[in-house]
Amino acid sequence: MFWAAAKEGRLVVEGCSSCGAESFPPRGMCRSCRGRTMVPVEITSHGHVYSLTVNYQRWLPDLEVPYAIVLVEFRDHPGVRVVGRLRGCPPEEAAIGMTVDIGFEPGPGDYAIPSFVALLARGDDPPRPPREGIARGDDPPRPPREGMAGGPDGI
Ligand SMILES: [Zn+2]
């Protein structure tokens with residue numbers, strides 16, 4: 001259930017159909033009432049960093065170090081905490097309480113593993129101007145390249 005949803009970029013946790021408690025990772029049993037009727041609950045809201053650690057160890061050859069591993073909680077989903085790599089900001093800027101968006105990235109094998117994208121830095125940073133893609137056209141026009149003039153086969 002979890003991995004199938006993850007492949008589609010959805011974060012799904014377990015909700016208890018008896019008492020409503022939600023838990024992650026899925027274990028097939030409610031942690032509060034021990035009911036066994038669990039239904040998938042998709043998390044669509046932003047999360048907040050509950051705790052974090054910065055990893056300097058290169059576990060995987062493709063993974064740039066250092067990077068921050070965050071434990072994220074969700075306001076609308078008490079009891080659910082999901083761990084994943086933090087992207088979108090330098091690891092030293094990762095902070096408790098920062099807002100993160102849910103993202104996934106390719107993991108070992110064919111799996112997508114949860115990771116998080118930083119939305120806001122520590123709060124009092126000035127908002128960054130939106131990136132306008134091509135609007136950076138203020139470069140002065142380049143002088144013509146001199147090496148090209150007067151080539152051997154000029155007309
Ligand atoms: Zn329950």
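## Strand 4 and its partners

Look across from Val-49 and you find Val-72, which sits opposite Val-49 in strand 5. That pair belongs to an antiparallel match between strand 4 and strand 5 (residues 67-74), held by 7 bridges. Keep in mind throughout that this is a predicted model.

Strand 4, spanning residues 47-55, also has strand 7 (residues 99-106) as a partner. This pairing is antiparallel too, and it comes with 2 bridges. Here Gly-47 is the residue to pick out: its opposite number in strand 7 is Val-100.

## The nonpolar core

Val-49, Val-72 and Val-100 turn up again once you go looking for the nonpolar core. The largest one contains 18 residues, and the three valines are among those with the most contacts inside it, along with Val-70, Leu-86, Ala-94 and Phe-116. Several strands chip in: strand 1, strand 5, strand 6 (77-87), strand 7 and strand 8 (112-118) each provide at least two of the core residues. Strand 5 is the top contributor, with 4 residues.

Ala-94 is a handy place to zoom in. Leaving out anything up to four places away in sequence, Ala-94 touches Val-49, Leu-52, Ala-68, Val-70, Leu-86 and Cys-89. Of these, Val-49, Val-70 and Leu-86 are also on the list of core residues with the most contacts.

## The three-stranded sheet

Elsewhere there's an open sheet of 3 strands, ordered 2-1-3 and paired antiparallel. Its edges are strand 2 (22-23) and strand 3 (38-43), each of which pairs on one side only.

Strand 1, covering residues 11-16, lines up with strand 2 in the antiparallel sense through 2 bridges. For a specific landmark, try Glu-14, whose bridge partner in strand 2 is Ser-23.

## Backbone oddities between strands 2 and 3

The loop between strand 2 and strand 3 is worth a check if you care about backbone torsions. Pro-25 lies in this loop, and the peptide bond leading into Pro-25 from Phe-24 is cis, with omega near -5 degrees.

Arg-34 is found in that loop as well. Its phi is positive, about 65 degrees, even though Arg-34 isn't a glycine. So is Arg-34 buried or exposed? Arg-34 counts as exposed, because there are 10 C-beta neighbours inside 10 Å and the cut-off for exposed is 12 or fewer.

Conventions: Residues numbered from 1 in each chain as written. Predicted model: local features only at pLDDT ≥ 70, side-chain atom pairs only at ≥ 80, totals over all residues. Pairing = 2+ DSSP bridges. Buried ≥ 20, exposed ≤ 12 C-beta atoms within 10 Å, placed from the backbone. Core = buried A, V, L, I, M, F, W, Y, C linked by C-beta atoms within 7 Å. Contact = placed C-beta atoms within 7 Å.
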